[in-house]
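Biologist: Before I accept the labels attached to this model, I would like to hear the reasoning behind each of them. Could we take them one by one?

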Amino acid sequence: MRKTAMLAGAMLAVGLLSAPAQAQVTPDECDTAIGWVSPNACSFIKRQVAFGKEAPDALSRVPLYLDIWDKDATLWEPAAAELPPAKGLAEIERAITGSLTLAPDFRFHGTRIGVDGAAVMFEAANEVTIKGHAISYPAVYRVLMADDGKVVQGRRYYDRYTWFTKLDPTVRNLFAGVTDTGPAETGRRPAISPDALVARGQAWNRKDAAALLAPLTGAPLKGTGLEDRALRTTQGKQAYLNAFFAQIGELQLKPGQAVRAGNSTYVEWYGTVTPKHGQKMSFGIIERLDDRWGVTTNWQLSFDQLPIIADQAKINTLYGLLRP
């Protein structure tokens, strides 16, 4: 268990599934971000993009990474679901050093960035080579910044399933068999209001698929496990949520950070999940709701399916496959 925890810590900085990659964000073009980008937010975006570039000497990127963080920052992500979040520069440095030692070619570029005051949702396309296998997977990096633009709290959302699918054929995508059936949805519902978000969080905790779907009629669903597919029918979206909820004993999520950027609203739900096969662990979901002309036009979900499809013993075994 200790070796597995160390490997999990080593993978902390290796960034979900999100929408297909969009135009690459460059470090000198903060105006590609959506929302009002303050000088502090621009400073963060530049540092984030600079770190995301691969370098011949992987560990030379460690100072770039540390320059992103406040000295008392905390960092949580799926790889540390069974561990406390990393806290402070020393722990964050150990995590990134382990990550770049294990996966020196890890790199990413921004695909969509939403900014709302001190909060940023940085969507990225990640690439890494694991045991000779080239792996691409999206992530959402959610950060809160201090007045100097340094990150004081970071949470990252991505699907660890993508790390292991080429290493262990017994690891199955929970959503691989989910497809659209029945007639396509017709009509559109008004965009979800801020007042409705509290009730939406309660619907997640009740595992109430009908309540989650009702306000999003006509909005295609993209997200974890769907790769480049989008579900466009009520039956398809219902099957997706049912596949997720069927593996869960209890969800205890609370509203995290909400970001309104342009025509997109990002909503973070953060807390714990207790899978039917395993123990309670930290867990989170990010929803992105796009709207146009007052109606919701797109729905995106980002979360880690690994603790839902594998118990802790299996996860330990999978982490063992990452060892050189």
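Modeller: Let us begin with pairing: two strands count as paired if DSSP finds at least two bridges between them. In this predicted model, strand β5 (residues 133-145) and strand β6 (residues 151-157) are joined by six bridges in the antiparallel sense, and among the positions involved V140 has Y157 in β6 as its bridge partner.

Biologist: What makes β3 and β4 a pair, and how are they connected?

Modeller: At least two bridges are needed, and nine join strand β3 (residues 107-116) to strand β4 (residues 119-130), the two running antiparallel. R107, for instance, has E127 in β4 as its bridge partner. The two strands form a hairpin with two residues between them, and in that turn G117 has a positive phi of about 65 degrees.

Biologist: Why is β3 called largely enclosed, and where does β3 stand in its sheet?

Modeller: Buried means under 20% relative accessible area, and eight of the ten residues of β3 are buried, so the strand is largely enclosed by the rest of the structure. The open sheet has six strands in the order β2-β1-β6-β5-β4-β3, with mixed pairing. Both β2 (86-87) and β3 stand at the edges with a single partner strand each, so one side of each is left without a neighbour in the sheet.

Biologist: How do you know that β9 pairs with both β8 and β10?

Modeller: The threshold is again at least two bridges. Strand β8 (residues 248-261) is joined to β9 by eleven bridges in an antiparallel arrangement, with I248 standing opposite P275 in β9. Ten bridges link β9 to strand β10 (residues 281-292), also in the antiparallel sense, and S282 in β10 is the bridge partner of T272. Both connections are hairpins: two residues lie between β8 and β9, with G262 in the turn at a positive phi of about 60 degrees, whereas five residues lie between β9 and β10. Strand β9 (residues 264-275) is mostly covered, with eleven of its twelve residues buried.

Biologist: What makes D290 a buried residue, and what does D290 touch?

Modeller: D290, which lies in strand β10, has a relative accessible area of 10%; the limit is under 20%, and D290 is therefore classed as buried. Leaving out residues up to four places away in sequence, D290 touches R112, N263, S264, V295, T296, T297 and N298. The side chains of D290 and S264 come to 2.6 Å, which lies within the 3.5 Å allowed for a polar contact.

Biologist: Is T217 buried or exposed, and how do you know that?

Modeller: T217 is placed in the loop between α7 (209-213) and β7 (221-223). Its relative accessibility is 19%, and T217 therefore counts as buried under the 20% limit. The side chain of T217 reaches the backbone oxygen of A214 at 3.4 Å. Apart from neighbours within four places in sequence, T217 is in contact with E185, T186, G187, R188 and R189.

Biologist: Why is the link between C30 and C42 called a disulfide?

Modeller: The sulfur atoms must lie within 2.5 Å, and those of C30 and C42 are 2.1 Å apart. The angle about the S-S bond is 85 degrees, and the link is right-handed. C30 lies in the loop between α1 (2-10) and α2 (39-52), and C42 lies in helix α2, so the pair ties together parts that are twelve residues apart in sequence. Both C30 and C42 are buried, and a search of the whole structure finds one disulfide.

Biologist: How do you know that α4 has a buried side?

Modeller: The buried residues of helix α4 (residues 88-102) are G88, I92, A95, I96, S99 and L100. They cover an arc of only 120 degrees around the axis, which puts them on the same side of α4. The face turned away from that side carries the exposed residues R94 and T101.

Biologist: What makes the span of α8 agree with expectation?

Modeller: At 1.5 Å a residue, the twelve residues of helix α8 (residues 234-245) should span 16 Å, and the end C-alpha atoms are 16 Å apart, which agrees.

Methods
Residues numbered from 1 in each chain as written. Predicted model: local features only at pLDDT ≥ 70, side-chain atom pairs only at ≥ 80, totals over all residues. Heavy atoms only, no water. Buried < 20%, exposed > 50% of the residue type's maximum accessible area, 1.4 Å probe, protein only. Helix = DSSP H or I, 4+ residues; strand = E, 2+ residues; numbered from the N terminus. Arc of directions from axis to C-beta. Expected span 1.5 Å × (residues − 1). Contact = heavy atoms within 4.5 Å. Polar contact = N/O pair within 3.5 Å; in protein donor to acceptor, adjacent residues only side chain to side chain.
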